[in-house]
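Student: I would like to go through this structure term by term. For each label, please give the rule and then the value.

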Amino acid sequence: MGQLILGSIGSAVGQQVLPKGLSAFGMHLSGQALGGFIGAQAGGLLDRALFGRDSATGPRLDALPVQSSTEGAPISLVFGRSRIAGQVIWASRFSEHRSSEGGGKGGPRINRFSYSVSFAVGLCEGVIDGIGNIWANGELLDQSELGFRLYKGDEVQTPDPLIEAIEGTENAPAWRGLAYIVFEDLPLEAFGNRIPNLSFEVFRSPQAQTGAARLETRIEGVDLIPASGEFAYATSSIVRDDGPGRQSWLNINNARGKPDFLAAIDDLEARLPNCRSVLIVSAWFGSDLRCGDCVIRPGVETREAITRPYSWSVAGENRSSAYLISRIDGRPVYGGSPADASLIEAITELKARGFSVSLYPFILMDIAPGNGLADPYGGMEQAAFPWRGRITCHPAIGETASVDGTSAARDQVEAFFGTAAAADFAVSGQSVSYTGPAEWGFRRFILHHAALAAAAGGVDGFLIGSEMRGLTTIRGESNSFPAVEQLTLLATEARQLLGAGTRLSYAADWSEYSGYQPADGSGDVFFHLDSLWSAPEIDAVAIDWYAPLSDWRDGDTHLDQAAASSIHDPDYLAGNVEGGEGYDWFYASAADRDAQTRTPITDGAYAKPWVFRYKDIRNWWANTHHDRPGGVESAAPTGWVPQSKPVWFTELGCPAIDKGANQPNVFVDPKSSESFQPHFSSGARDDLIQRRYIEALIEYWSADGGHNPVSSVYGGPMIAPDLIHIWTWDARPFPDFPARGDIWSDGANWRLGHWLNGRAGLAPLSLIVEELTSRCCLEAYSGALNGLVSGFVIDQPMAVREALQPLMTAFGFTVADRADGPAVIRFGPASDAVLENDSLSLPPSGRAVEMSLVQNGELPHDVRLRYQRDTPDYRPSSVYARTETDDLEAVADSACPCWRMKARLKAGRATFWARHRPERCCGNFPFRPRGSRWRQAMRSQWMARISRWMLSPALAKDRLKRPVMWHGHRDWQGRCPGKWRIRFSRPCSRSSI
């Protein structure tokens, strides 16, 4: 105000005092303008003296709108993984933060206010395994920007220190038994200055009451992939320059805002709490199946990328000099070799977390379609992206004019290995230099990784190669095995770089470790790897173990159907660890396999059938070995000393595919010539068979399993349980891998593959039932139940039977009261019990058996099934089906997670009077009226109040792929009970919902 008044007065005075104005330095100012400026400045000084500096205030909050929190709301119970919204259980007063800007040169200063609040959100009943993604108002949050503490809900958790500081020690609850999360000073500006609506991805495993160990607690070691990926193992945050002023993260592709490797290892520790050993797989690229022409080099995805804080470099190669990986549809078929610096970072990080770390150099064959390379196996050209086990001499063993058994074969093998030596490598700090011959042979590949391990401060284990079956079986002159000789020499070189404290071995294929019997009719038997296994530098017999544990077929006429009710039967799988194919018998041809013509494994000459049993590790390990050139056993044994070294399962696993246990070594990868489904597989996803296969082997060879002998030489078990490594855990965190197809091109392979990410933490159906029934003090044995549940949430108080009803509907089982206590009964194939007419009695009135059709008015015209999708966002979804007839009006609406179902609904019902309650007929059984050939599997329910059985046709999970029909047959009184039909489509996943 003073500035305005004095400015006006100054203008008037200036006009009077200087009517002609003032000229100076070539400029002219009127008296009015000059007086107005002076008056305004004086008025401004007066205003500031009286009222202070000019200021403006932005929007300001008077009260904090708090997310609703319902008193007495039910606490959810979670099984598996699910997305839930919690309840705010505590909140502090909001904090106001003031910031100012502007005000320079007399201009206005703007005061801005922002707000934050600390609060706690109750999630669900504990103990949980952890949380994953967090959503705010439906949007995924970057957790790197959040400050929070998670309490998993155990009975010993203590109050949060922030809540204690604000509320006082006496007023701060610990909320034991409740999983909750405390956010500290969450900024609210992005959420409209209110606490956002939050939802959380929660992981919780069922709590087994019987003390049975879950797969997640049994696993002690894993193989860490992806093997390729330029910065897949980096713990530093790597950025790529994308042009002027633009950059992007290369190794942060998750909502947690940390490098993918760190996020994946966090998940590993949370999902597999007893896993303390990691084999890091690191790949270079092979160029040719002809060993004499094959080079093995580190590769890059692109030559143009500029990265910070460090550039890609491997073995002295940079982007401009390294091998460029093949591309399909404009994308590299593999990730690049891990940068040396990233491998050192990964080893250092894992050791800091307390893991035992081993390094696993791995060959990926980059042989694209249309390569034009001469095929050692006689093809037009070499197969696309083959297995490294196909590397062999040229022409290959058994091919016309093969060099096998000649000095030329030795020359080719030696060319493959090269001449690099440990003395050619120097380690200085965390850098490795090489001064040897300018070649890219196998020795340089292995010894460079050994030097890297030394640069990282050492590792606990190291592999000098793996699964080179086509190479180790090449014979030189006089039945020598030059590749085995080279591996033995390489072990000595690697020891010089690694020192005495590192376990050293070669990971043989499961079909390779025990010996070589060429299919040439010679009768030769050679324990070809014994010179390696007995070498002083080799500490264990390492095997990548993928032996079959089943020979299952669809239908009920195959040979194994009498041994078990399904391929998932744990006893059936355990019985084939030392039995079945590869132990008791083998298939001599593909035709024999189709016909199940099994040839017993025998040894008539020397009564040592274990020589030919690749599954008979026990006898191979415990006995001396004698070669049999020409089928005649040599008098002198090989160098193997019985029981002298433990067995190290460096890989063990099974694909998550139907009948995976039939052929666990195969995988589905459309780009590779090695892409196969297991024998007789439908190709459907089956997470359960993967779990059961791994469980069977770990349990069988466990310390208390009774099958793992103790060595009289070194005093330890034959198979070291802590050296069983499961294939595989990925350093790309779930669910971003496999969901981020824009980043990783192999994500589609996850669905049927060997990955544990996304499958570890699934809830076994049997353990869910066990936990829920134990809550009402029932001990219902549920071990016969097959199935995995991705996520199941009980969000309100209810009876246990009501809680189980969606699972009973989906998986086909019930809980019944029997003479020996409650039992879980699976609606599967009919039992051997047959209820004959003689078991019935006449009621006081009416007939012994009454059959009726359900009226149309009781049947639904439409079926709607609601479920939560097992996808990264857990969105609710539904499917809808309509009958083919128009005479029905009702709608059946059901909630069942992740299953799709359609039904043609005509139903029948039967009741009968029994002389006594036939316990053996609980569940499913055949019902056969007198004088009828009809025998139908029925689902039975005892109606206690009227002492009757209620029968309805069995809805067996085993029959979901084909219609289940009850055809109308006339009963013994000549009446037709009608007919009904119900059919189901294949569910989304046969083993997980």
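Student: Which strands make up the open sheet of 3 strands, and what is their order?

Tutor: The order is E15-E14-E19, with antiparallel pairing. Strands (E, at least two residues) and helices (H or I, at least four) are DSSP runs, numbered from the N terminus. This is a predicted model, in which local features need pLDDT of at least 70 and side-chain atom pairs count only at pLDDT 80 or more, while totals for chains, interfaces and linings use all residues. Residues are numbered from 1 along each chain as its sequence is written, and side-chain values use heavy atoms, with hydrogens and water left out.

Student: What makes E15 and E19 edge strands?

Tutor: Strand E15 (246-249) and strand E19 (307-308) each pair on one side only.

Student: How do you know that E14 and E15 are paired?

Tutor: Two strands pair if DSSP finds at least two bridges between them. Strand E14 (residues 239-243) and E15 are joined by 4 bridges and run antiparallel, so the rule is met. One of the contacts puts Asp241 with its bridge partner Gln247 in E15.

Student: Which strands pair with E16, and in what sense?

Tutor: Strand E13 (residues 221-225) is parallel to E16, with 4 bridges. Strand E23 (residues 356-365) is also parallel to E16, over 10 bridges. Strand E17 (residues 296-297) pairs with E16 in the antiparallel sense over 2 bridges. As for opposite residues, Gly221 faces Ser277 in E16, Val278 faces Val357 in E23, and Gly286 faces Ile296 in E17.

Student: Why is E16 called mostly covered?

Tutor: Buried means under 20% relative accessible area, exposed over 50%, and partly exposed in between (1.4 Å probe, protein chains only). In strand E16 (residues 277-286), 10 of its 10 residues are buried.

Student: Why is the contact of Arg149 with Asp160 called a salt bridge?

Tutor: The term requires a side-chain nitrogen of Lys or Arg within 4 Å of a carboxyl oxygen of Asp or Glu. The closest N and O atoms of Arg149 and Asp160 are 2.7 Å apart, so the pair qualifies. Arg149 lies in strand E10 (residues 148-151) and Asp160 in the loop between E10 and helix H3 (161-167), 11 residues apart.

Student: Are Arg149 and Asp160 buried or exposed?

Tutor: Arg149 has a relative accessible area of 26% and is therefore partly exposed. Asp160, at 0%, counts as buried.

Student: How many salt bridges are there, and which residues are linked in a network?

Tutor: The structure holds 48 salt bridges. The residues Lys258, Asp266, Glu269, Arg276, Glu349 and Arg353 are linked in a network of them. Another salt bridge joins Asp288 to Arg290, with closest N and O atoms 2.7 Å apart, and both residues are buried.

Student: How do you know that Cys294 is in no disulfide?

Tutor: A disulfide needs a pair of cysteine sulfur atoms within 2.5 Å. By this rule the count comes to 0 disulfides. For Cys294, the nearest cysteine sulfur is that of Cys291, 8.4 Å away, so the rule is not met. Cys294 is buried, with a relative accessible area of 5%.

Student: Why is the pair of Phe362 and Trp727 called stacked?

Tutor: Rings of Phe, Tyr and Trp (its six-membered ring) pair if their centres lie within 6.5 Å; planes under 30 degrees apart count as stacked, over 60 as edge-to-face and the rest as tilted. The structure holds 36 aromatic pairs. The ring centres of Phe362 and Trp727 are 6.1 Å apart and their planes stand at 20°, so this pair is stacked. Phe362 lies in strand E23 and Trp727 in strand E32 (residues 726-730), so the pair ties together parts 365 residues apart in sequence.

Student: What makes the pair of Trp510 and Tyr614 edge-to-face?

Tutor: Their ring centres are 5.2 Å apart and their planes stand at 65°, so Trp510 and Tyr614 are edge-to-face. Both Trp510 and Tyr614 are buried.
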